[in-house]
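Here is a short tour of one protein chain, written to be read with the coordinates open beside it. Please load the model in your viewer and follow along.

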Amino acid sequence: MSSVSAQQFERPVQLIFDTDIGNDCDDVMAVGVIHSLQSRGECELLAVTITKDNPLAAAFTDALNTFYGRGEIPIGVCDSGVTPEKGRFNVLAEQKDDGRLRYEHDLRSGEDALGAVDLLRQTLAAAEDQSVVIAQVGFSTNLANLLRSGPDQHSKLSGVDLVKQKVRLLSAMAGAFTKIPNNQGQLYDHREYNVVKDLESAKYLAENWPVPIVWSGYEIGLNLRYPHESIEKDFAYVDHHPVAEAYVLYNPPPHDRPTWDLTSVLHAVRPDRDYFDLSPPGNVTVDKDGLTTFQPADDGRDRYLILREGQKGRAIEALVALTSQPPSN
């Protein structure tokens, strides 16, 4: 299987973003990256689907999209019971100043949003064949449920066949493909959060997803940390910025947050810019305890990102520039 290159396809990349927004601030920064890439003409955000089962997740996502001038982007939600708490920053969707919402948005609750599988099927059915890239940076809930779905008003195809026809790449922040150092510097086999929180869905996706997957393992974002100085200095062009405020509410500076979710978005839209290397092809499996294992195979579906020391500077520079870029409106 040859590596997927953006040069093989017309720009902009047709992107679906699947996120557990609210559990970590890197999801929020990843949304900023997507909007900046869209403003540069490099992608088009078709839909956002959410795997955090709290109604404020959709509301805050709509507030983010509205902040960037794209409040019309449809949002879909799950009904899974996984991480149902509000989170530390989704409450910004309800934040008011002098009686007015700090961040204007129309979708006030996920209870008023489409179901994620319905939105995924609708979006894919309307897309050109082999045109869609999905960045999954949360749990596998929605995409596993998509695979299980049957024909409906949007398409006569099963979920598997619809993905096979419309999707060319899944860029997934999930798993770990090297041993990870603990607080004492000892290496261990890491069972990654996005996998273990909905383990059944992660196993189902790994076993049944029918098109190429590039995995950004835990080690990638861990070794690319967002500089807190940017949060403190680069977002002051407005009195209130949802990305900076979410970062501070989640874990305030001088904390440098790993860029896990941002890396999957960056590869999804710019796979040919040498920010990362790719492993040889192979197959990823998820075991009953949530450990991800990669087995090389010439005809394998999967690859994973590899970060060389010499690539770190360019990758961080790109992520900071994209995350902090002001809206184009």
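Leaving aside neighbours within four places in sequence, glycine 32 is in contact with Tyr68 and Leu322. This glycine belongs to helix α1, which covers residues 26-39. Is glycine 32 buried or exposed? Its relative accessibility is 0%, and because buried means under 20%, glycine 32 counts as buried. For a spatial landmark, try asparagine 65: the C-alpha atoms of glycine 32 and asparagine 65 are 8.8 Å apart, while 33 residues separate the two in sequence. Please keep in mind throughout that this is a predicted model.

**Strand β17 and its partners**

Now move to strand β17, made up of residues 302-306. Of its 5 residues, 4 are buried, so the strand is mostly covered, given that buried means a relative accessible area under 20%. Which strand pairs with β17 in the parallel sense? That is β11, residues 213-216, and the pairing runs over 3 bridges. Within this pairing you can look for tryptophan 215, which stands opposite tyrosine 304 of β17. Strand β14, residues 277-278, also joins β17, here through 2 bridges and in the antiparallel sense. The residues to display for that pairing include aspartate 277, which stands opposite isoleucine 306 in β17.

**Backbone details worth a look**

If you plan to check backbone torsions, here is a peptide bond to visit: the one from proline 253 to proline 254 is cis, with omega near 15°. Proline 254 sits in the loop that links α10 (242-250) to β13 (257-258).

Two aspartates also deserve a stop, and the table sets out their phi angles, loops and accessibility.

| Residue | Phi | Loop | Relative accessible area |
|---|---|---|---|
| Aspartate 98 | positive, about 55° | between β4 (96-97) and β5 (100-101) | 83%, exposed |
| Aspartate 274 | positive, about 65° | between α11 (260-269) and β14 | 43%, partly exposed |

Why does aspartate 98 count as exposed? Its relative accessible area is 83%, and exposed means over 50%. Aspartate 274, at 43%, is partly exposed, because that label applies between the 20% and 50% cut-offs. Neither name in the table is a glycine: aspartate 98 has its positive phi although it is not a glycine, and the positive phi of aspartate 274 likewise comes without its being a glycine. The loop with aspartate 274 leads back to β14, the strand that runs antiparallel to β17.

**The chain as a whole**

Stepping back, the protein chain has 12 helices and 17 strands. How does its radius of gyration fit with a compact globule? For 329 residues such a globule would have a value near 20 Å, and the chain has 18 Å, which agrees. Along the principal axes, the C-alpha trace spans about 60 × 50 × 40 Å.

Of the 329 residues, 59% count as buried. Among contacts between residues at least 6 apart in sequence, 81% join residues at least 24 apart. The accessible surface of the chain comes to about 13400 Å², and carbon and sulfur atoms account for 46% of that.

Finally, a word on charge. The protein chain carries 31 positive and 48 negative side chains. Where do the centres of these two sets lie relative to each other? They are 2 Å apart.

Key. Residues are numbered from 1 along each chain as its sequence is written. This is a predicted model: local features need pLDDT of at least 70, side-chain atom pairs count only at pLDDT 80 or more; totals for chains, interfaces and linings use all residues. Side-chain values use heavy atoms; hydrogens and water are left out. The radius of gyration is taken over C-alpha atoms; the globule rule is 2.2 Å times the number of residues to the power 0.38. Buried means under 20% relative accessible area, exposed over 50%, partly exposed in between (1.4 Å probe, protein chains only). Contact means heavy atoms within 4.5 Å. Accessible areas come from the Shrake-Rupley method with a 1.4 Å probe; for residues, only the protein chains shown count as cover. Lys and Arg count as positive and Asp and Glu as negative; His and the chain ends are not counted. The place of a charge is taken as NZ of Lys, CZ of Arg, CG of Asp or CD of Glu. Two strands pair if DSSP finds at least two bridges between them.
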